[in-house]
Amino acid sequence: MFQILIQKRNAETMSHKINASCLQFMLSLGLLLFWLNGFSQSDFGEADQLFKENQKILGNNFVALAWKDGKMVYQKQIEKEVGDFSAKVQVPIGSCSQWLTAAVVMTFVDEGKLSLEDKVSKYIPIFAKYMKSYITIRNCLTNTTGIQADPAGAMKLLQKGKFETLEDEVNSFASKREIATNPGTEIYYSHVGPNIAARVLEIISKKGFDRLAQERIFRPLKMRGTTFTDDNGGAVNPSGGAQSTANDYMNFLIMLLNKGEFQGKRVLSEKSVEEIETAQFSQLPVKYLPKQAEGLHNGLGDWIEANNTVFSSLNLAGTWPVIDKCRNYAALILVKSPNAEPKKEVYAKFKEILDRQLGSGCQP
């Protein structure tokens, strides 16, 4: 009996020692993880400093995000007043709208309802009536329609629309604007092409463009704060009239980074994503591009760097989304004020920092 009591006490003592050892191990592991997390965050101190120095340039209210390997690896929020701005706040995104519009177009291509080589006049006969029968959907998404555009200037793309419907606007392109050059012969950046392509989708589907964007892109990507609706009651503007949030637009970038899939569901085919990210008409003379896009190639709604692995949309209002498929990350700077001057050097510096931190093993 005495021996049994001794064995029981020894077992209890050993159990206490094991529990203490487990507790010590868990504490050590927790401290290690805390230290690693802190170390990881400190790697982006250079980015923090960059945004601190350029807060005023970026309009005092903006969000910067970076995503890699299934998680957000960097998030910085700058706001002039506490609670004034965040990654959930909806703001105008200007010409970053064109990337979204191209994606909506490609859902129709995936379904076989449309070809990029289709003539616009097939769906909108008025274009043939006014000698514009050779313009294709591809021309519309690559700034090569040849239709006379507004005078070069950033604010032209930000002006409030004077049309009540997209139909009225696009019909005016056909009947009231001259052909400045043959389609597919030179690049002239403007709002004309994307709006024509979006109107074609309305005719095919018999639905408004904002509804199409909601059904085909925004809802599948959980972009609940994104819309093309004009708050002033005017026509939707597929080339520059979307409003979105930083979190929403990042979901769109993640989908493209994942070759058309988002959270296990396919939104675009891999072939469509490849088409969006293929340089279009890269040998054509450039009549006009925004200064921020000089040296870049046309994709479908996006801009492509010379190495064909970096894709972006340089918004004239200040917002900047980018995907780097060589280094496998997506990043975004979204500004609150649509009047913030675009600062390409800030974007470039931010990307340099991300490349150093996230680009191990990349060989463009």
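Trainee: Where does pLDDT stay under 50 at the start, and how many contacts beyond four places in sequence are there?

Mentor: Look at residues 1–18. This is a predicted model, and pLDDT stays under 50 over that stretch. The model has zero contacts beyond four places in sequence for residues 1–18.

Trainee: What about residues 27–42?

Mentor: pLDDT stays under 50 there too. For residues 27–42 the model has one contact beyond four places in sequence.

Trainee: How should I read stretches like that?

Mentor: Where pLDDT is low, don't read the predicted coordinates in detail.

Trainee: And what is the mean pLDDT of the chain?

Mentor: The mean is 85. Of the chain's residues, 81% reach 70 or more.

Trainee: New topic. Where is threonine 145?

Mentor: In the loop between α5 (137–140) and α6 (166–176).

Trainee: Is threonine 145 buried or exposed?

Mentor: Buried. Its relative accessibility is 6%, and the cut-off for buried is under 20%.

Trainee: What is threonine 145 in contact with, leaving aside neighbours within four places in sequence?

Mentor: Ile135, Asn139 and Cys140 are on the list. So are Ile179, Thr181, Pro183, Val192 and Gly193.

Trainee: And which backbone nitrogen lies 3.1 Å from a polar atom of the threonine 145 side chain?

Mentor: That of isoleucine 147.

Trainee: You listed Cys140. Is cysteine 140 buried or exposed?

Mentor: Buried, because its relative accessible area is 1%. Cysteine 96 counts as buried as well, at 0% relative accessibility.

Trainee: How many disulfides does the structure hold?

Mentor: Zero.

Trainee: Switching again. What is phi of aspartate 69 near?

Mentor: Near 55°. That is a positive value in a residue other than glycine.

Trainee: Why point that out?

Mentor: Because most residues other than glycine have a negative phi.

Trainee: Where does aspartate 69 lie?

Mentor: In the loop between β1 (62–68) and β2 (71–78). Aspartate 69 counts as exposed, because its relative accessibility is 53% and the cut-off is over 50%.

Trainee: What about lysine 206: what is its phi near?

Mentor: Near 60°, again a positive value in a residue other than glycine.

Trainee: Where is lysine 206 found?

Mentor: In the loop between α7 (192–205) and α8 (209–218).

Trainee: Is lysine 206 buried or exposed?

Mentor: Exposed, with a relative accessible area of 74%.

Trainee: Let me recap the loops. Threonine 145 is buried, while aspartate 69 is exposed and lysine 206 is exposed.

Mentor: Right. Aspartate 69 has a positive phi, and lysine 206 has a positive phi too.

Key
Residues are numbered from 1 along each chain as its sequence is written. This is a predicted model: local features need pLDDT of at least 70, side-chain atom pairs count only at pLDDT 80 or more; totals for chains, interfaces and linings use all residues. Side-chain values use heavy atoms; hydrogens and water are left out. Helices (H or I, at least four residues) and strands (E, at least two) are DSSP runs, numbered from the N terminus. Buried means under 20% relative accessible area, exposed over 50%, partly exposed in between (1.4 Å probe, protein chains only). A polar contact is a pair of N or O atoms within 3.5 Å; within protein, one must be able to donate a hydrogen and the other to accept it, and residues adjacent in sequence count only if both atoms are side-chain atoms. Contact means heavy atoms within 4.5 Å. A disulfide is a pair of cysteine sulfur atoms within 2.5 Å. pLDDT is the predictor's confidence in each residue, from 0 to 100.
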